[in-house]
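Me: I am new to this structure and should be grateful for a close look at one part of it. Please then relate how the other described parts are arranged.

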Amino acid sequence: MAKGRKKSSSEFFEERLSFFFKNGASLRKICPDCVDEYNDHSVKKLISITYWLGIFCPIVNRNFREKRGWKIAYVDSMAGSGVTSTKKGNYFCGSCPGAVLHSSDIGYPFDSIYAAEIINEKADALEQRVSTIIDASKLNVYPNDIKDVSNTIANELENNTISFVVIDPEAFDGMTWTGISPLLSCKGDAMITWFESEAWRVKQAAVSNKHIGAEGLKKRFNELFGNETWMDARSPTELTDLFTKRIIEECGKTCESRVKIIKTDGGYYLMILFPGNFPNAQKLANDWKSYLENYFSSPQCREISKLLDVIAGRTKSITDFM
Ligand SMILES: C[S@@+](CC[C@H](N)C(=O)[O-])C[C@H]1O[C@@H](n2cnc3c(N)ncnc32)[C@H](O)[C@@H]1O
């Protein structure tokens, strides 16, 4: 987290959005036709990931790399192509290049990067893009389903490595315990995109006698939650609580913290942070949440699409729409 004067929301968003825009534009030139297609609000997810890096990197650098000679790794388990295009015609750099570039910008570059992406073309574009910003020998891109390579990646991280793992599926669909638990159990921190309302809808369908695929959904939930207690959850939040409880208890995480990402259509999903075992983990995770919530509830962020118009040069200044 930045020391000293806290940035105003305008300063914060101008700095963060410019970073994703500028790097998105240059990375897009590599494999121009291969991008991920999402919405303007996706940039808030990217901000949540890189904001934690500002807290995580200096701490692990001091306590693990400098004191013990450990390595610091970044793992992106569903990494995409490295460039996101939005319906409004904006381009940002994706989570993997964003994390790599931000960690270097703040002076704590990663020693190794592991990324999995199930679509070959995207995995190839990601590899080409990220190898222009980091020594290619540090980069490992797996064009695979994460469930088939998560153990391989986790084994690579076993010796004297501390990692930050990002699990960012497109929807609740991609989430399986087999795929994510080996990575969540690695030493270090993890962040998951959790589609809380979608998970709740699937849970309701799974317990419904009328739903034709209920048995299959039950099996999926039993796999993800480890038992049948999910059936007793009385609200989306309780369902999320059961999921995070399993991760904390079985994967050696210290605590969790959630930030709500409000989508442009009014829905939401959560970014859930699981810090590993280091002093002050809960306090730092709470700081991450409260700083981001403060910025995300600002008038600038409520108008994120218009703010992106300013950064893209389509509108002259923030005051044009505030
Ligand atoms: C939301 S996107 C990732 C975007 C990326 N985190 C970013 O912000 O730039 C999710 C990606 O995961 C990939 N994916 C979906 N299921 C997967 C799986 N089981 N294993 C690996 N990749 C998967 C999709 O093809 C998609 O590109």
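**Strand 10 and other elements**

Reply: In this predicted model, Ala190 has Phe274 of strand 10 as its bridge partner. That bridge introduces the pairing of strand 8 (residues 188–194) with strand 10, which is antiparallel and extends over 5 bridges. Strand 10 also pairs with strand 9 (residues 257–262): the two run antiparallel and are joined by 6 bridges. Here Val259 is found opposite Met271 of strand 10. Strand 9 and strand 10 together make a hairpin, with 5 residues between them. In its turn lies Gly266, whose phi is positive, at about 95°. Strand 10 itself covers residues 268–274, and because 6 of these 7 residues are buried, the strand is largely enclosed by the rest of the structure.

Helix 3 can be described in similar terms. Of its 11 residues, 9 are buried, so helix 3 is largely enclosed by the rest of the structure. The buried residues are Ser95, Cys96, Pro97, Gly98, Ala99, Val100, Leu101, His102 and Ser103. After helix 3 comes Gly107, with a positive phi near 95°.

Two packed helices are described by the angle between their axes and the distance between the axes. For helix 2 (residues 42–68) and helix 3 (residues 95–105), the angle is about 30° and the axes are 10 Å apart. Their crossing is right-handed. On the side of helix 2, the residues in contact are Leu46, Ile49, Thr50, Leu53 and Cys57, which meet Ser95, Gly98, Ala99, His102 and Ser103 of helix 3. Sorted by class, this contact comprises 5 nonpolar and 5 polar residues, with no charged ones.

Ser95 appears again at the ligand. Together with Met78, Gly80, Gly94 and Ile118, Ser95 is among the closest of the 20 residues that surround the ligand. The shell consists of 8 nonpolar, 6 polar and 6 charged residues.

There is also an open sheet of 3 strands, in the order 1-3-4 and with mixed pairing. Strand 1 (36–38) and strand 4 (91–93) form its edges, each pairing on one side only. From one strand to the next, the twist averages 30°. Strand 1 pairs with strand 3 (residues 83–86) in the parallel sense, over 3 bridges; Asp36 has Thr84 of strand 3 as its bridge partner. Helix 1 (residues 9–28) lies across strand 3 and strand 4, and runs at about 95° to strand 4.

How values were computed:
Residues numbered from 1 in each chain as written. Predicted model: local features only at pLDDT ≥ 70, side-chain atom pairs only at ≥ 80, totals over all residues. Axes fitted to C-alpha atoms, helices over the stretch in contact; angles between N-to-C directions. Helix = DSSP H or I, 4+ residues; strand = E, 2+ residues; numbered from the N terminus. Left-handed = near helix turned anticlockwise from the far one by under 90°. Contact = placed C-beta atoms within 7 Å. Nonpolar A, V, L, I, M, F, W, Y, C, P; charged D, E, K, R; others polar. Near = placed C-beta within 6 Å. Pairing = 2+ DSSP bridges. Buried ≥ 20, exposed ≤ 12 C-beta atoms within 10 Å, placed from the backbone.
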